[in-house]
Amino acid sequence: MRRLLSALFAFTIFLAAPAWVMAADTAHGGQVFSNTCAVCHAGGGNTLNPDRTLQKADLEAYLTNYGSGHEAAIAAQVTNGKAPMPAFGDVLSAADIADVAAYVESMSSSGW
Ligand code: HEC
């Protein structure tokens with residue numbers, strides 16, 4: 001039982017570690033957003049498709065896998081794109097994507 005508990009503990013640390021190493025930097029995410037996303041999503045809107053804004057209600061309605069993890073779902077859309085939104089997986093680093101996802105999550109939960 002003791003061994004099982006320590007194995008579980010170690011596994012939990014293992015799962016949590018990437019979050020410590022890559023704690024998202026929302027302020028930097030805001031800069032990434034201004035440089036890369038605001039051309040289409042200024043103020044959380046969407047100039048190309050006004051039904052797909054970054055407001056919480058639209059993320060809930062349209063963003064794939066949003067229900068199972070907000071930042072992960074945003075990061076997936078940024079990495080892979082979704083036509084006509086371009087993919088940024090080759091343009092932004094994983095850290096930039098994590099930061100901009102944290103920024104979008106924070107802004108959408110406060111209503112932009
Ligand atoms: C060239 C314009 C453009 C740029 C630049 C762009 N997007 Fe988008 N984005 C779109 C469009 C268009 C959609 C809707 C796609 C669809 O039809 O589902 C979208 C959808 C999204 C969604 C899902 C919204 C919803 O309601 O379904 C998220 C999240 C998102 N973009 C985040 C970002 C982030 C973060 C960046 C910057 C890294 C970014 N986008 C850059 C055009 C853009």
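The shell around the ligand in this predicted model comprises 16 nonpolar, six polar and three charged residues. The protein itself is built from five helices and has zero strands. Helix α5 recurs throughout this briefing: it is among the elements that give two or more residues to the ligand shell, and it gives the most to the largest nonpolar core.

**Ligand surroundings**

- Of the 25 residues around the ligand, those that come nearest are C37, C40, D58, Y62 and M85.
- Two or more residues of this shell come from each of α2, α3, α4 and α5.
- The element that gives the most to the shell is α2, with five residues.

**Overall fold**

- Along the sequence, the elements follow the pattern α-α-α-α-α.
- The protein has 112 residues, of which 22% count as buried.
- Considering contacts between residues at least 6 apart in sequence, 57% join residues at least 24 apart.

**Helix α5**

- Helix α5 covers residues 94-109, and its 16 residues should span 22 Å at 1.5 Å a residue; the end C-alpha atoms of α5 are 22 Å apart, so the expected and computed values agree.
- The buried residues of α5 are I97, A98, D99, V100, A101, A102, Y103, V104, E105, M107 and S108. This list includes the acidic residues D99 and E105, as well as S108.
- These buried residues pack against three other helices, namely α2 (26-41), α3 (56-62) and α4 (70-80).
- After α5 comes G111, which has a positive phi, near 80°.

**Largest nonpolar core**

- The largest nonpolar core holds 16 residues, and the members that touch the most other members are A75, V78, I97, V100, A101, Y103 and V104.
- Helices α2, α4 and α5 are the elements that give two or more residues to this core.
- The greatest contribution to the core is that of α5, with eight residues.
- With neighbours within four places in sequence left aside, A75 is in contact with I97, A98 and A101. I97, A98 and A101 are listed among the buried residues of α5, and the buried residues of α5 pack against α4 (70-80).

**Core and ligand shell together**

- Helices α2, α4 and α5 each give two or more residues to the core, and α2, α3, α4 and α5 each give two or more to the ligand shell.
- The leading contributor to the shell is α2, whereas the leading contributor to the core is α5.

Note on methods: Residues numbered from 1 in each chain as written. Predicted model: local features only at pLDDT ≥ 70, side-chain atom pairs only at ≥ 80, totals over all residues. Helix = DSSP H or I, 4+ residues; strand = E, 2+ residues; numbered from the N terminus. Expected span 1.5 Å × (residues − 1). Buried ≥ 20, exposed ≤ 12 C-beta atoms within 10 Å, placed from the backbone. Contact = placed C-beta atoms within 7 Å. Near = placed C-beta within 6 Å. Nonpolar A, V, L, I, M, F, W, Y, C, P; charged D, E, K, R; others polar. Core = buried A, V, L, I, M, F, W, Y, C linked by C-beta atoms within 7 Å.
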